[in-house]
Amino acid sequence: MTLISDLLKTRFDELHAHAKAAIHRHQQLDMADELKLLSQSITSNDSRDSYGRGGIISDFEQQLSQLFSTQSCLFLPTGTLAQCAALKCYSQLTGRSYVGLHPTSHLLLHEHRAIEQLWGLNVAEMGTYNQVLTIDDFGKLDPATTAAIIIETPMREIGGQLPSWSDLTTIKAWCKEHGIKLHLDGARIWQTTEFYQRPLAEIASLFDSIYVSFYKDLGGISGAALLGSDKLIDQARVWARRAGGNPITLYPEVIAARAGLNKYLSAMPQFVDYTRQLCDALRCAPLSIVPANPQVAMFHLHFDMSAQDLAARIVSYAQHTGIIVLPLPRSGSKQTCVCEISIGDRAVVHQPNYWAEHIQACLAQ
Ligand SMILES: Cc1ncc(COP(=O)(O)O)c(C=O)c1O
């Protein structure tokens, strides 16, 4: 279904590129400036990797292994590859073909079901669309055929909600009891230390493996990492090669990922705190916030109007003020739509009230 006309999307992109303020994510430099800045972060110790071995990629993998306290790490071009490769390894290891996925999993919604079509595994859907997974959702799984389960935290499709720590520990124990591997879709894991009040390594310790992303919260160009045991990473390396995910070098992606980690990881608590203040400022606007009390530095806004209607207002407001008050809606029905907001360095240069007032003014047009 086309939610928004191509014309409006193009106009939005043009306005976004030259906006004086925008609420979503980090400042995005133009390509030349971005590469110039990244080149300044290269040190004399850095060298190219060769097919993912040595040089800057090995140094960065080691840095990540230390951060998450895992045995090993593999930098890959995409999370789509990282997670499917991990699941394939677990299937081979356990001799079981099913993977347990929440209905909002990226593997189901955004990967054309590669896990089945390309990797030959089976999916057992578990849990309810709008709710985080709890141990009660595990009853329907058949432990005898389930190789692994993916838990995403925070859960992007439901506004960044997170399973509780006590549910995670119960789930871990259940998986251990049944010989099922527990994998973390940690695309946005960087935001979660505030909620769990635990360092990344302690969160990671609940899982057999983790995937993390570098181009969302960390503002990199692209790229992902898979973290886990030496054995898993050795096998995933082979699967990545088979799948065409082992180019001669990934050094530009690694440079950007490393710069993003250095720049944004320590700012995450500030972004989370700002998100809470912003949502408090938004309470009287004609919209609903999901979750009502955001738990990380992202949330969804639900509107009682079509995506096309809201997009037209956002574009018109940007035309008059130079301010992008909302990203374009990413889902919706005929009469409702949803915008996803991730707080980064663009929003926080203004007081939360600045955004609340401009959003209200945009909606009132
Ligand atoms: C939750 C989640 N998992 C996995 C992915 C896949 O990452 P990639 O785009 O690097 O394949 C994404 C990307 O948006 C994501 O949001």
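**Exercise 1. Domains**

Task: State which residue ranges the domain assignment gives to domain 1 and domain 2 of the protein chain, and describe how the two are placed relative to each other.

Solution: In this predicted model, the assignment gives domain 1 as residues 6-28 together with 266-363, while domain 2 covers 49-248. The next step is to take the C-alpha centres of domain 1 and domain 2, which lie 29 Å apart. The contact between them draws on 15 residues from domain 1 and 19 residues from domain 2.

**Exercise 2. The chain as a whole**

Task: Work out why the radius of gyration of the protein chain agrees with that of a compact globule, and then describe the chain's secondary structure, burial and surface.

Solution: Start from the chain length, because a compact globule of 365 residues would have a radius of gyration near 21 Å, and the protein chain has 21 Å, which agrees. Taken along the principal axes, the box filled by the C-alpha atoms is roughly 60 × 55 × 40 Å. Within the protein chain there are 14 helices and 13 strands, and buried residues account for 53% of the 365 residues. If one considers contacts between residues at least 6 apart in sequence, 76% of them join residues at least 24 apart. Turning to the surface, the protein chain exposes about 16,100 Å², of which carbon and sulfur atoms supply 50%. As for charge, there are 30 positive and 35 negative side chains, and the centres of these two sets lie 3 Å apart.

**Exercise 3. Two cis peptide bonds**

Task: Locate the proline that a cis peptide bond joins to Thr153 and the proline that a cis peptide bond joins to Val290.

Solution: Begin with Thr153, which is joined to Pro154 by a cis peptide bond with omega of about -5 degrees; Pro154 lies in the loop between β5 (146-152) and α7 (165-178). Then take Val290, whose cis peptide bond to Pro291 has omega of about -5 degrees; Pro291 lies in the loop that runs between β9 (288-290) and β10 (298-303).

**Exercise 4. Positive phi outside glycine**

Task: For Tyr51 and Gln197, give the phi value and decide whether each residue is exposed or partly exposed.

Solution: Tyr51, a residue other than glycine, has a positive phi near 50 degrees, and its place is the loop between α2 (31-39) and α3 (55-68). Its relative accessible area is 41%, so Tyr51 is partly exposed. Gln197 is likewise not a glycine and has a positive phi of about 55 degrees, and it is found in the loop between α8 (193-196) and α9 (200-204). Because its relative accessibility is 60%, Gln197 counts as exposed, the cut-off for that class being over 50%.

**Exercise 5. Two helix residues**

Task: Determine whether Leu310 is buried or exposed, list its contacts, and then describe the setting of Pro269.

Solution: Leu310 belongs to helix α13 (residues 307-321), and since its relative accessibility is 0%, it counts as buried. Leaving aside neighbours within four places in sequence, Leu310 is in contact with Phe303, Met305, Leu326, Pro329, Cys337, Cys339 and Leu363. By contrast, Ser166 is 144 residues from Leu310 along the chain, and their C-alpha atoms are separated by 39 Å. Pro269 lies in helix α12 (residues 268-281) and is partly exposed, with a relative accessible area of 29%. Finally, Pro269 and Ala297 are 28 residues apart in sequence, with a C-alpha to C-alpha distance of 8.3 Å.

Methods: Residues are numbered from 1 along each chain as its sequence is written. This is a predicted model: local features need pLDDT of at least 70, side-chain atom pairs count only at pLDDT 80 or more; totals for chains, interfaces and linings use all residues. Side-chain values use heavy atoms; hydrogens and water are left out. Helices (H or I, at least four residues) and strands (E, at least two) are DSSP runs, numbered from the N terminus. The radius of gyration is taken over C-alpha atoms; the globule rule is 2.2 Å times the number of residues to the power 0.38. Buried means under 20% relative accessible area, exposed over 50%, partly exposed in between (1.4 Å probe, protein chains only). Contact means heavy atoms within 4.5 Å. Accessible areas come from the Shrake-Rupley method with a 1.4 Å probe; for residues, only the protein chains shown count as cover. Lys and Arg count as positive and Asp and Glu as negative; His and the chain ends are not counted. The place of a charge is taken as NZ of Lys, CZ of Arg, CG of Asp or CD of Glu. Domain bounds come from an automatic or database domain assignment.
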